[in-house]
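I opened the file to go through the helix packing and then a handful of single residues. Notes follow in the order I looked things up.

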Amino acid sequence: RGLWHDARARSALAAATAVADFEPLVRKAERDARRLEKENMPWIDPLARTTRADIAALRRDLPTAIRLLEDAAQRLDQVDMPLYAAVARRRLGELLGGDAGRDLVAQADSWMTGQGIVNPSRMTALFAPGFPRRWP
């Protein structure tokens with residue numbers, strides 16, 4: 001059930017990045033995030049946090065997105081989900097910018113390429129799709 005809600009939320013968020021009126025799709029993703037949170041399982045909770053970070057990023061609430069990504073990455077490490085953790089850290093680096101942000105992106109990319117992932121940016125877009133293509 002958890003993977004289903006996660007995939008459905010990611011699909012809604014991916015579609016939301018391509019339309020002007022993204023709120024209806026974001027509300028669908030929020031419903032799935034609530035369903036994920038109700039599962040109350042250690043490996044599903046950080047997926048809900050990543051979904052909520054995507055939603056916050058789409059709404060340009062960067063402090064909330066940053067806080068949620070930091071928490072998600074830490075929790076994903078704790079439940080041994082390194083790909084999801086690398087995705088969260090890569091998105092966090094994109095939001096933070098500067099030297100610290102570039103370092104997080106480089107570390108995530110290095111881990112992903114070490115796992116045979118050819119395009120870390122596209123893999124990140126698959127697992128955390130709700131980020132606008134351009135920031136103000």
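Before reading any packing angle, I fixed the term: axes are lines fitted to C-alpha atoms, for helices over the stretch in contact, and angles run from 0 to 180 degrees between N-to-C directions. I also kept in mind that this is a predicted model.

**Entry 1. Helix 4 and helix 5**

I started with helix 4, residues 62–78, and its packing on helix 5. The angle is about 155 degrees and the axes are 8 Å apart. Angles over 145 degrees count as roughly antiparallel, so helix 4 is roughly antiparallel to helix 5. I noted the crossing of helix 4 past helix 5 as left-handed.

I then listed the residues on each side. Helix 4 contributes L62, A65, I66, L69, E70, A73, Q74, L76 and D77. From helix 5 come Y84, A85, A88, R89, R91, L92, L95 and L96. By class, the contact of helix 4 with helix 5 holds 12 nonpolar residues, 1 polar and 4 charged.

**Entry 2. Helix 5 and helix 6**

I moved on to helix 5 (residues 82–96) and helix 6 (residues 98–114). Their axes come within 7 Å and cross at roughly 155 degrees. Helix 5 and helix 6 are therefore roughly antiparallel to each other. Here too I recorded a left-handed crossing, of helix 5 past helix 6.

On the helix 5 side I found P82, L83, A86, V87, R89, R90, L92, G93, E94 and L96. They meet G98, G101, L104, V105, A108, D109, W111 and M112 in helix 6. The residues of this contact divide into 11 nonpolar, 3 polar and 4 charged.

I checked the two lists for helix 5 against each other: R89, L92 and L96 appear in the contact with helix 4 and also in the contact with helix 6.

**Entry 3. Helix 6 and helix 7**

How are helix 6 and helix 7 oriented to each other? I read an angle of about 100 degrees, with the axes 10 Å apart; helix 7 covers residues 120–127. Angles of 65 to 115 degrees count as roughly perpendicular, so helix 6 and helix 7 are roughly perpendicular to each other. The contact is made by D109, M112 and T113 of helix 6 with P120, M123 and T124 of helix 7. I sorted these residues into 3 nonpolar, 2 polar and 1 charged. D109 and M112 of helix 6 had already come up in the contact with helix 5.

**Entry 4. R91**

I returned to helix 5 for R91. Is this arginine, R91, buried or exposed? Its relative accessibility is 9%, and R91 therefore counts as buried. Beyond neighbours within four places in sequence, R91 is in contact with L69, T124, A125, A128, P129 and F131. L69 belongs to helix 4 and is on the list for the contact with helix 5. I looked at P129 separately: R91 and P129 are 38 residues apart in sequence and 9.8 Å apart in space, C-alpha to C-alpha. I also found a polar contact, at 2.8 Å, between the side chains of R91 and E94.

**Entry 5. A9 and D32**

Next I took A9, which lies in helix 1 (residues 2–16). A9 has a relative accessible area of 0% and is buried. With neighbours within four places in sequence left aside, its contacts are A29, D32 and T51. I also read a C-alpha to C-alpha distance of 21 Å between A9 and L95, which are 86 residues apart in sequence.

I followed the contact to D32, in helix 2 (residues 23–39). The relative accessible area of D32 is 3%, so D32 is buried as well. Outside its neighbours within four places in sequence, D32 is in contact with H5, R8 and A9.

**Entry 6. T50**

I placed T50 in helix 3. At 9% relative accessibility, I entered T50 as buried. Not counting residues up to four places away in sequence, T50 touches A72, L76, F127 and A128. A128 is also among the contacts of R91.

**Entry 7. Positive phi**

Last, I looked up two loop residues. N40 sits in the loop between helix 2 and helix 3 (45–58). Its phi is near 50 degrees, a positive value in a residue other than glycine. N40 counts as exposed, at 61% relative accessibility.

R60 lies in the loop between helix 3 and helix 4. I read its phi as near 65 degrees, again positive in a residue other than glycine. R60 is partly exposed, with a relative accessible area of 40%.

Terms used:
Residues are numbered from 1 along each chain as its sequence is written. This is a predicted model: local features need pLDDT of at least 70, side-chain atom pairs count only at pLDDT 80 or more; totals for chains, interfaces and linings use all residues. Side-chain values use heavy atoms; hydrogens and water are left out. Helices (H or I, at least four residues) and strands (E, at least two) are DSSP runs, numbered from the N terminus. Angles under 35 degrees count as roughly parallel, over 145 as roughly antiparallel, 65 to 115 as roughly perpendicular and the rest as oblique. A crossing is left-handed if the near helix is turned anticlockwise from the far one by less than a right angle, and right-handed if clockwise. Contact means heavy atoms within 4.5 Å. Ala, Val, Leu, Ile, Met, Phe, Trp, Tyr, Cys and Pro count as nonpolar, Asp, Glu, Lys and Arg as charged, and the others, Gly among them, as polar. Buried means under 20% relative accessible area, exposed over 50%, partly exposed in between (1.4 Å probe, protein chains only). A polar contact is a pair of N or O atoms within 3.5 Å; within protein, one must be able to donate a hydrogen and the other to accept it, and residues adjacent in sequence count only if both atoms are side-chain atoms.
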